[in-house]
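Me: I would like a close look at a single part of this model. Keep it brisk, and work outward from that part to its surroundings.

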Amino acid sequence: MNKKNIYRNEKDILGTVKVPIKKYWGAQTERSRKNFKIGKEGSIPIEVIHAFATLKKSSAIANYKFGKLPLEKKNIICKVCDEIIHGKLDNQFPLVVWQTGSGTHTNMNVNEVISNRSHVIIGNKLGIGKKFIHPNDDVNMSQSSNDTFSTVMNICAYKILKEKTIPSIKKLKDELKYKSELFKNIVKIGRTHLMDATPITLGQEFSGYTSQIEHGINSIKNTLNYLSELPIGGTAVGTGLNAPKGFDKEVIKYIIKYTKIPFKISKNKFESIANHDAIVEAHASIKQVAVSLIKISNDIRFLSSGPRSGIGEIYIPKNEPGSSIMPGKINPTQCEALIMVCMQIIGNDVIISLSGSSGNYELNVCKPLMIHKFLESSKLLSDAVNSFSSFCVKGIKPNHNRIKELLNNSLMLVTALNPKIGYEKSAKIANYAYINNITLKEASINLGYLNNEEYEKYVDPYKMV
């Protein structure tokens, strides 16, 4: 096929660029696509694009209300933005995260797609005739890449936490809480330093997991207020140059309408454009949950280990064969998958922390990377906890016989004797029982410290919890 038939010419301030004939993007998008062929993965998340469409739609309405944008231009911009929001143009946003640190290329990608799609909707062909909607003068009116990408970052972050991540974590919390209630009367041996400790109920053990996750949810929720601050209207450096007075308030009014999220004007737009501490803080809370989940996952792995040569106090679901060579082997695969996800999240937190520190004067220059990793962590955590909750926690059952066996054999039940015969005599009983491989009761009687009736009275695991 003749190259003339597969490309069209698009212009920007640097000259003419050949663009695939059926694509809606323009010259600046194509330059970025050609100049940043970095990695096979790492496309700008589609959530960023959809949030940009919400922002561009809200901005068009605000500009119309301020008398800066004609009604017909406002209407066509809004129509294309709705197409983008509903995913109809998802294949028109090819750029990678590895681009300009302000996200300018993605902002222009959105502007150009809206411009060219508008050109087609009103009956024209791509590359032919003057565009009715200009990507900079109309779509980007009263805006800068610096305040729009910063605004979109917070919209995306708040939205995914509210709609996906928090509900998924809450589902896991509820499942753990249910297990805690279900297991509240099952007394087992506790462990500290990986060694036997005093008794605890299986329900109390699971209540600790429930509390960890509940605190994590609260930590994430506490970051939403900071994330709700949007710097739109600050334009290039926060001063609001070229934006009409009140533009920020008007835009945010419509963003609230379309997202159903209580966004507000940034307390300080210089801060919101130059730094992204709100993203750093929110991701730190996601990391907190990840850290908790690693602990919980490992506990469940150890408690279910065996089934005959390990601890084996609980049963986990048999989801799939665990070995290609050992018949009948079942592994804690959901725990392992969740641990790997959480390690990825901890790694992402380092990246976000470093990115957040890369604000130079009036602009942070790692914006695309920050929101990419934030969304990755939020989605990974949501998917992983849903899987862990459904395919592991929900099916956990106690192994009553094993729990009773380990409880009765534990030397740390001797702790109940401290108030009766003192620490030193109690320690002698424990050591004597261990050395001679006998029970605590037998050791107590042999040493002459207690008789059978006294031991039964003082050492009752069910009273020790």
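Which residue just after H2 takes a positive phi?

Reply: Glycine 67 does. It sits just after H2, and its phi is about 75°. Bear in mind that this is a predicted model.

Start with the helix itself. H2 covers residues 46-65, 20 residues in total. From its first C-alpha to its last it reaches 29 Å. That is close to the 28 Å expected at 1.5 Å a residue. Of the 20 residues of H2, 15 are buried, so the rest of the structure largely encloses this helix.

Now one contact that involves a residue in the 46-65 range of H2. Asparagine 111 is in contact with Lys56. Setting aside neighbours within four places in sequence, asparagine 111 also contacts Pro135, Val139 and Asn140. Asparagine 111 belongs to helix H4, residues 104-121. Its relative accessibility is 0%, so asparagine 111 counts as buried.

H4 leads on to H1. Helix H1 spans residues 27-35 and packs against H4 at an angle of about 140°, with the axes 8 Å apart. Oblique is the term for angles outside the parallel, antiparallel and perpendicular ranges, and the antiparallel range starts over 145 degrees. H1 is therefore oblique to H4. The crossing of the two helices is left-handed. On the H1 side, the contact is made by Ala27, Gln28, Thr29 and Ser32. On the H4 side, it is made by His105, Met108, Asn109 and Glu112.

Which residues of H1 are buried? They are Ala27, Thr29, Glu30 and Ser32. Their cover includes H4, strand E1 (7-12) and strand E2 (15-20).

Last, the nonpolar cores. In soluble globular proteins, nonpolar side chains tend to be buried together. Here the largest nonpolar core has 94 residues. Leu161 and Phe374 have the most contacts inside it. Helix H6, residues 145-182, gives this core its largest share, 13 residues. Phenylalanine 374 has a long contact list once neighbours within four places in sequence are left aside: Ala157, Ile160, Leu161, Ile279, Ala282, His283, Ile286 and Ile352. Apart from this core lies another, of 15 residues. Among them are Ile189, Leu413, Leu450 and Tyr455.

Notes
Residues numbered from 1 in each chain as written. Predicted model: local features only at pLDDT ≥ 70, side-chain atom pairs only at ≥ 80, totals over all residues. Heavy atoms only, no water. Core = buried A, V, L, I, M, F, W, Y, C linked by side-chain atoms within 4.5 Å. Buried < 20%, exposed > 50% of the residue type's maximum accessible area, 1.4 Å probe, protein only. Helix = DSSP H or I, 4+ residues; strand = E, 2+ residues; numbered from the N terminus. Contact = heavy atoms within 4.5 Å. Expected span 1.5 Å × (residues − 1). Axes fitted to C-alpha atoms, helices over the stretch in contact; angles between N-to-C directions. Parallel < 35°, antiparallel > 145°, perpendicular 65-115°, else oblique. Left-handed = near helix turned anticlockwise from the far one by under 90°.
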